[in-house]
Amino acid sequence: DAHVGERGVKLMKFRTAISIVSVQVAWLACAYGAVSGYPSIGVATCMLAIAANLLASDDRWTLLVLSLLLGIYGGITESVWVHHSIISYSSPGPLPQFAPVWIVALWMAFAGLIYPAFSILIGRPVAAALLGATIAPWSYFAASQLGALELSVPNANALLAIAAQWGLALPAAVYVRELVSQKGTRCEGP
């Protein structure tokens, strides 16, 4: 039975590595794709990240639902930022009044981090809110430095809005992940 426990730990570490690496590669591909005028590179990389996380997951249904919900949430909130001139994106796409497809795809890919990388946040909504509010603004700031987006209002105000957005998104995503997972509608992976 120690062998089974050791195998489970190794599998969890593998899944965590897949989630972290795939989402980081997707982020870089989205940023550089937007800057270079080829946002489809980022979208394709996000789809590959989602596929990799689905293949590595032991709960594909939950990951798929979470990915779709994060895409909807991200698409709506990022479109609000665009509408209120808080953020403008490089490579905005055919509908510049809305969030570009590449940022929505990135939100969807982010679902891969919720489990297993952020599983420690289950039952800790305050910690999840603080983590989301602290880390996400740095990601947007880095993207602005690369030229993938522009923080159109004073940086501090835009970053505070992003902190609020992610301070809500991360604990909600962790909660939804746990809620969907507990429903027992699981599509088991390897």
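What is the mean pLDDT of the protein, and what share of its residues reach 70 or more? Here are some notes to help you find your way around.

1. **Confidence overall.** This is a predicted model, so a look at confidence comes first. The mean pLDDT of the protein is 89, and 94% of its residues reach 70 or more. Among the elements, helix α2 (residues 39-56) has the highest mean pLDDT, at 95. The lowest mean among them, 87, belongs to helix α1 (residues 2-36).

2. **A stretch to treat with care.** Over residues 185-190, pLDDT stays under 50. The model does have 19 contacts beyond four places in sequence for these residues. Where pLDDT is low, the predicted coordinates should not be read in detail.

3. **Helix α4 against α2.** Helix α4 covers residues 101-114, and a good place to start is its packing with α2. The axes of these two helices are 9 Å apart, at an angle of about 20°. Because angles under 35 degrees count as roughly parallel, α2 is described as roughly parallel to α4. Their crossing is left-handed. On the α2 side, the contact is made by Pro39, Val43, Cys46, Met47, Ala49, Ile50 and Asn53. From α4 come Val101, Trp102, Ala105, Leu106, Met108, Ala109 and Gly112. By class, this contact has twelve nonpolar residues, two polar and no charged.

4. **Helix α4 against α3.** Next comes α3 (60-83). The axes of α3 and α4 come within 7 Å and cross at roughly 140°, which makes α3 oblique to α4. This crossing is right-handed. The α3 residues in the contact include Leu63, Leu66, Leu70, Tyr73 and Glu78, as well as the glycines Gly71, Gly74 and Gly75. The α4 residues that meet α3 are Ile103, Val104, Trp107, Met108, Phe110, Ala111, Gly112 and Ile114. Sorted by class, the contact of α3 with α4 holds twelve nonpolar, six polar and one charged residues.

5. **Helix α4 against α6.** Helix α6 spans residues 155-182. How do its axis and that of α4 meet? They come within 10 Å and cross at roughly 60°, so α4 is oblique to α6. The crossing is right-handed. Trp107, Phe110 and Ile114 are the α4 residues in this contact, while α6 supplies Gln165, Trp166, Ala169, Leu170, Ala173, Val174 and Arg177. The contact of α4 with α6 divides into eight nonpolar residues, one polar and one charged.

6. **Residues of α4 that recur.** If you are viewing α4 on its own, some names are worth following. Trp107, Phe110 and Ile114 touch α6, and these three residues are also in the contact with α3. Met108 and Gly112 take part in the contact with α2 and in the contact with α3.

7. **Two serines with positive phi.** Serine 85 has a positive phi of about 55° although it is not a glycine. You will find serine 85 in the loop between α3 and β1 (87-89). Serine 91, also not a glycine, has a positive phi of about 50°, and its place is the loop between β1 and α4.

8. **Buried or exposed?** Which of these words fits serine 91? Serine 91 counts as buried because its relative accessibility is 19%, and the cut-off for buried is under 20%. Serine 85, at 43% relative accessibility, counts as partly exposed.

Key
Residues are numbered from 1 along each chain as its sequence is written. This is a predicted model: local features need pLDDT of at least 70, side-chain atom pairs count only at pLDDT 80 or more; totals for chains, interfaces and linings use all residues. Side-chain values use heavy atoms; hydrogens and water are left out. pLDDT is the predictor's confidence in each residue, from 0 to 100. Helices (H or I, at least four residues) and strands (E, at least two) are DSSP runs, numbered from the N terminus. Contact means heavy atoms within 4.5 Å. Axes are lines fitted to C-alpha atoms, for helices over the stretch in contact, and angles run from 0 to 180 degrees between N-to-C directions. Angles under 35 degrees count as roughly parallel, over 145 as roughly antiparallel, 65 to 115 as roughly perpendicular and the rest as oblique. A crossing is left-handed if the near helix is turned anticlockwise from the far one by less than a right angle, and right-handed if clockwise. Ala, Val, Leu, Ile, Met, Phe, Trp, Tyr, Cys and Pro count as nonpolar, Asp, Glu, Lys and Arg as charged, and the others, Gly among them, as polar. Buried means under 20% relative accessible area, exposed over 50%, partly exposed in between (1.4 Å probe, protein chains only).
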